[in-house]
Amino acid sequence: MSKFAKYTIVAVVLFVLYSVIGIVGVPYGVQWAVGRYAPDMLQRVVLLEQVKFNPFTLELELNEFVVQEKEGDAPWVSFERLYCDLSWQSLLELGVVVETCELEKPYGIVIRSEDGKLNLSDLYESKANVNSAPKEEEVVAEERQSFDLPKVIVHSLEVIEGRLALEDN
């Protein structure tokens, strides 16, 4: 087999591998991460209907995202569609560069109960209770696990038909 044939086979295999990872692996990974981490972090049921990713144009689309109220199945925060056109410039910036981001039909509800608490205050309270008196070993372990957030640059952000409901009981 000639060198050209070997290089061609390697190039085709790499292309197919990149395609499969991008088209199948990225959506699966996003679905898995949302299902695995978001419910624990938010202490609520989190649903994500569909994830699409095009590894050639770097377009990411999330459809039908819902975070339910802590009590019941009513939506607390949701959106119908999030579309992000990522840029290859991300490789140079060592962060995420988003050319265009469209958020369609986002919804959120803030409810103040009779005792004056907001329906989102439990997020802060539970974090404060967990971290109220950390032991020395926990502090050291947390320092080892701490990391900086990645750099994110968004050139264009469009919110379409957004709604925020406020309820005072």
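This is a short tour of some salt bridges and one pocket, with a suggestion at each stop for what to select. Keep in mind that the model is predicted.

**Stop 1: Glu80 and Lys105**

A search of the whole structure turns up 7 salt bridges, and we will visit some of them. Start by selecting glutamate 80 and lysine 105 and showing their side chains, which meet in a salt bridge with an N to O distance of 3.7 Å. Glutamate 80 sits in strand S3 (residues 75-86), while lysine 105 is in the loop between strand S4 (95-104) and strand S5 (107-112), so this pair ties together parts that are 25 residues apart in sequence. Now turn on the surface. Glutamate 80 is partly exposed, at 32% relative accessible area, and lysine 105 also counts as partly exposed, at 37%.

**Stop 2: Arg81 and Glu102**

Next, select arginine 81 and glutamate 102. They form a salt bridge whose closest N and O atoms are 3.4 Å apart. Here strand S3 provides arginine 81 and strand S4 provides glutamate 102, so the pair links parts that are 21 residues apart in sequence. Is arginine 81 buried or exposed? Its relative accessible area is 18%, so arginine 81 is buried, the cut-off being under 20%.

**Stop 3: Arg112 and Asp168**

Move on to arginine 112 and aspartate 168, whose side chains meet in a salt bridge at 3.2 Å, N to O. Arginine 112 belongs to strand S5 and aspartate 168 to strand S8 (residues 163-168), so this contact ties together parts that are 56 residues apart in sequence. Arginine 112 is partly exposed, with a relative accessible area of 41%, whereas aspartate 168 is exposed, with 54%.

**Stop 4: a network of partners**

Now select Glu61, Arg81, Glu102 and Glu104 together. Salt bridges that share partners join these residues into one network. You have already met Arg81 and Glu102 as a pair.

**Stop 5: the second largest pocket**

Finally, hide the salt bridges and select Tyr18, Phe53, Leu58, Leu86, Ser87, Trp88, Ser90, Leu91, Gly95 and Val96, which line the second largest pocket. The volume of this pocket is about 180 Å³. Which elements each supply at least two residues of the lining? Color helix H2 (90-93) and strand S4 to see them: each gives at least two. Then color the lining by residue type. You should find 7 nonpolar residues, 3 polar ones and no charged ones.

Note on methods. Residues numbered from 1 in each chain as written. Predicted model: local features only at pLDDT ≥ 70, side-chain atom pairs only at ≥ 80, totals over all residues. Heavy atoms only, no water. Salt bridge = Lys/Arg side-chain N within 4 Å of Asp/Glu carboxyl O. Helix = DSSP H or I, 4+ residues; strand = E, 2+ residues; numbered from the N terminus. Buried < 20%, exposed > 50% of the residue type's maximum accessible area, 1.4 Å probe, protein only. 1 Å grid on protein atoms, 1.4 Å probe; cavity = no way out; pocket = protein on both sides within 12 Å on 5 of 7 lines; lining within 4 Å. Points joined across faces, edges and corners; volume = space filled by probe spheres on them. Nonpolar A, V, L, I, M, F, W, Y, C, P; charged D, E, K, R; others polar.
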